[in-house]
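Here are my notes after a pass through the model, in case they help when you open it up yourself. I've kept them as numbered points.

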Amino acid sequence: MIVKELPKQLSLRELEQRTLKDWQANRIYDKVKEKLRSKPVFNFIDGPPYTTGSIHLGTAWNKIMKDIVLRYKRMRGFNVIDTPGYDMHGLPIEVNVEKELNIKSKKEIEQNVEEFVEKCRQFALINLDTMSKQFSELGVWMDWKKPYMTLSDSYIEGIWRTMKKAYDRGYVYRGVKVLEVCPRCETALARHEHEYKTVEDVSIFVKLRVKGKPNEFLVVWTTTPWTLPANLAVMAHPDYEYVRVKVGNEVWVMAKALATVLIQGLLEKDFQVVEKVKGRELEGLKYENPLVEEVPIQAQLDKKYKKAHTIVLSSEYVTLEQGTGLVHCAPGHGPEDFEVGKQNGLPPFSPIDYAKFTSEAGKYAGMFPKKADEVIIKDLERKGLLIYKGTIKHEYAHCWRCHSPLLFQATNQWFIKVADLKETMQKENTKTHWVPDWAGRQSFKNWIDGLQDWCISRQRYWGAPLPIWVCDSCGDVEVLGSKKELIDKSGKTPKELHKPWVDELTWKCEKCHGKGTKRRIPDVLDVWLDSGSCIWATLPVTTGSTDYDNWQERDFIIEGKEQIRGWFNSLMCSSMVAYGRWPYKSVYMHGFMCDEQGREMHKSLGNYIEPKEVISKHGVESYRFYSSKSGLPGDDIRFNWKDMADTDRSLNIAWNVYVFASTFMADAKYDPSKFKLDGMKLQPEDRWVLSRINSVTKEVTEAMENYVIPTAPRALQDFIVKDLSRWYIKLIRARTWVTTTGPNKTAALTTLFNVLEKLAYLLAPLTPMLSEAFYQSLIRPTTANSLESIHMCQWPKVTEKWIDKELESKMDYAREIVETTLAIRQEAKVKLRWPCRKLIIVPDEKSLDITDLLDVIKDQASVKEIQVLSHLKQEDKTEDLKEKETSQSTLYLDMSTTEELESERLTKDFIRRVQSLRKKYGYHVSEKIELIIAGGNQQIIEGLETQEAQIKNKIGAVKIEKLGKMPEELTGYDAQDEFEYQGTKIHVAFRKKT
């Protein structure tokens, strides 16, 4: 059984497409699953991408990283749960369907909710098919025939189970809070659904007239003039020092620390301090609402609430960082304002309804709040209450899907009480293995510290319906946890668990003895509760079980850094409120796929690159290898074509190494099953490369076990390029040549086979199609009872006895000596293939003993002799000796020449030229040739004659004919060339031996 020879040229796309077809035709994935079915389970859960369109480079990177881990775990003998998932609800889908249907408002949707929902479903399913195909083409092995879909009834039941368990444990409630709402989507959003952008907003300083004092004013600052119609108080810090200052004929009240900054710095006016007071002394000071004429309801609020339009105290929300130290407070338009208002008995007055002011806003009714800014500012200016108008750049929250600026609004919503669990969550978080460590220890810890109760209700249409039915008479609340409960309660079976069909199911209220009817709250659930429930909601797909309470923590999850506030958070919160358990054991967090400048890729920026563009140029395997090694855990990747091309070259180098092995093994009819390394006489380079491959195996295995994924491809690339291609292959080339025979050649081939066998297995998770080709060429044909695919094989074991760290260090030193010698040659413009007379090594006191590697150095440095001396006398340092230092020694390279050296140099050049021609004309290394040499002077001809035996051996020539001049016509000689040496032209021609 001998190896199959690989093609000389690598066509990566053809290889990939052929391998994917072979896997499918031979059911390789299914066979691997069947083989491992009875093995220990590795519980993985796929973070579901939104089915909003084709995958992008970042999505591809994410799935590739998952596939690498799952392939590794299969090779470690685990029955891997590899069900892919898709997020198919929520605003991401709705926004796209609205664009398709040219829908401008929710009213248009409500004219035919059923049609809108069906369009959303169709959109999501079409994109699911597209994305599954694209992921599969990346070589990702998941169960694409049976993904989990958040739109299915069984999955929605899993979400309902979350709600039911959380409600029964006292974590679900309804209440009024100030939340950020999207004016376009007309729904409340939770904190994890915000995206922040730097925007330029208006910045104004406003005077509020003190009640009963026509010329005294409180000075406040705001960047949201649209909230002034809802102003009910002004906050002051009890411990800050405030001043009454005279500015012209007026008295202004503000913090002492900010008076000079505003009045002299910004307004360029003079002022005089009239009085200094502590903030607490200002408490209760009454002022007039600046827009009471425009918003008449303000007068009613002033009468109804004792503290309306007064100074209230807050040590938590008033700072001296900017503004005036007096803070405008609208309890209906800010979470902090809401809390202060609640403490002081003020209502959350909020005269807006998502996209416009309500009638309570008086003059501004019907206006879009942000667009009302200019009207409000003009009114303030007309009244003489506007001190200054400018702009400010700051971070502002926008809708995560439609990107509209968000507005704060007091709204009645349903919440899950997660803030109370922060301390417990922090303790559980310490049990998780995070990669990188700082993602859990810092980023996620900080996120948990800032958790607020989770707003889960959405005033939308396409989503898991909120499973809460409320009596329209007595208000009794009932939370359902399954479809069966709904059928039992209503006596009807819904078409499916979506709006509008689920809303049709009602029943008489038992609590009030049938006086009222239980009707469902019309809202749908936050889409993050969908993905947050996936560990148990996927059980019907992954195990066939509908026992949602019988689930196991997931062994491993992996997503991008945005999921700190997204999926990592929703998984944790859902699990803790429903089951009081932590949901995952290990988490890998990667960064974003950015452009070369570090910007996220967007079509609007013109920096977006389609995955198919990268793959068409460089292949799937190159992108898999590139993306898996380029970003350290938690870091972004700055994609650039040069790095992609470099990765492509690295894989081509790997291919060439296997081509080299398969070529010379096939030529030698080498059967690796007949030879074992144990007891074989190995050269130092053989023992070194065996040490290296086992050290690399240990490093890669440890990296994969600890999920430090990029370490694996980086270590393998270094080994392939630096250790194998640029070193070991060079060291054994002469030992493996076609004309070489004997045990030394066998030792080299046996060593090389063992190294490449182990390397193929190490590469399998990273480059599954390329490693499959290596396996089918080298390993499978030479192994008794071999398995059908490399992906059915076991992960390679570390052979500790071969690891020799001292030898690895010594070889590193030897390589340094060679590289330094080559640097001397380069400076002297002496070609590497030209032998030099002598290399003298003068080691330092602590230098490693490399006596057993001198032959290696001699060969790779191309020197005839090596001397190791304790020192070199000054008188021996001739002009021919070129000196250079290494980390452990001083080198002296003898650059003098002799006739014999010149002859050898000519021979080396000549051999290289002929070898290049052989390759150019497609000659196999085993094919013999007949050669004609013509031209050259007598010295050159004689030099070639003295080296004829070596030339024949190296170029595979059975006959060399020397002519004074090349005939004008040569029959049958398909290879011809000429080159110049020392000013003389030499002509060559050859043909295959007839």
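1. Just after helix 21 comes lysine 669, with a positive phi near 50°. Keep in mind throughout that this is a predicted model. Helix 21 itself covers residues 641–667, 27 residues in total. From first C-alpha to last it reaches 38 Å, close to the 39 Å expected at 1.5 Å a residue. At its N-terminal end, asparagine 640 acts as the cap, placing a side-chain oxygen 3.2 Å from the backbone nitrogen of lysine 642.

2. Two other non-glycine residues with positive phi are worth a look. Arginine 27 has phi near 55° and sits in the loop between helix 1 (12–25) and helix 2 (28–35). Histidine 309 has phi near 60°, and its place is the loop between helix 9 (297–304) and strand 13 (310–313). Buried or exposed, histidine 309? Its relative accessibility is 2%, so it counts as buried. Arginine 27, at 38%, counts as partly exposed.

3. Check the cis peptide bonds too. One runs from valine 435 to proline 436, with omega near 0°; proline 436 is in the loop between strand 19 (433–435) and helix 13 (437–449). Another joins lysine 499 and proline 500, omega about 0°. You'll find proline 500 in the loop between helix 14 (483–490) and strand 24 (507–508).

4. On to the rings: the count comes to 34 aromatic pairs. Phenylalanine 116 and tyrosine 461 make an edge-to-face pair, 6.2 Å centre to centre with 80° between the planes. This pair links distant parts of the chain, 345 residues apart: phenylalanine 116 is in helix 6 (residues 113–137), while tyrosine 461 is in the loop between strand 21 (457–458) and strand 22 (468–471). Phenylalanine 116 counts as buried at 2% relative accessibility, and tyrosine 461 counts as buried at 5%.

5. Tryptophan 434 and phenylalanine 568 are edge-to-face as well, at 5.6 Å centre to centre and 85° between planes. Because tryptophan 434 lies in strand 19 and phenylalanine 568 in helix 18 (residues 567–579), the pair ties together parts 134 residues apart in sequence. Tryptophan 434 is buried, at 6% relative accessible area, and phenylalanine 568 is buried at 0% relative accessibility. Ring pairs join these two with Phe444, Trp582 and Tyr584 in a cluster.

6. Finally, a couple of lysines over rings. Lysine 63 lies over the face of phenylalanine 135, at 4.5 Å from the ring centre. Lysine 992 does likewise over tyrosine 923, at 5.4 Å from the ring centre.

Methods: Residues are numbered from 1 along each chain as its sequence is written. This is a predicted model: local features need pLDDT of at least 70, side-chain atom pairs count only at pLDDT 80 or more; totals for chains, interfaces and linings use all residues. Side-chain values use heavy atoms; hydrogens and water are left out. Helices (H or I, at least four residues) and strands (E, at least two) are DSSP runs, numbered from the N terminus. The expected span of a helix is 1.5 Å times one less than its number of residues. A polar contact is a pair of N or O atoms within 3.5 Å; within protein, one must be able to donate a hydrogen and the other to accept it, and residues adjacent in sequence count only if both atoms are side-chain atoms. Buried means under 20% relative accessible area, exposed over 50%, partly exposed in between (1.4 Å probe, protein chains only). Rings of Phe, Tyr and Trp (its six-membered ring) pair if their centres lie within 6.5 Å; planes under 30 degrees apart count as stacked, over 60 as edge-to-face and the rest as tilted. A charge sits over a ring if NZ of Lys or CZ of Arg is within 6 Å of the ring centre and within 35 degrees of the ring normal.
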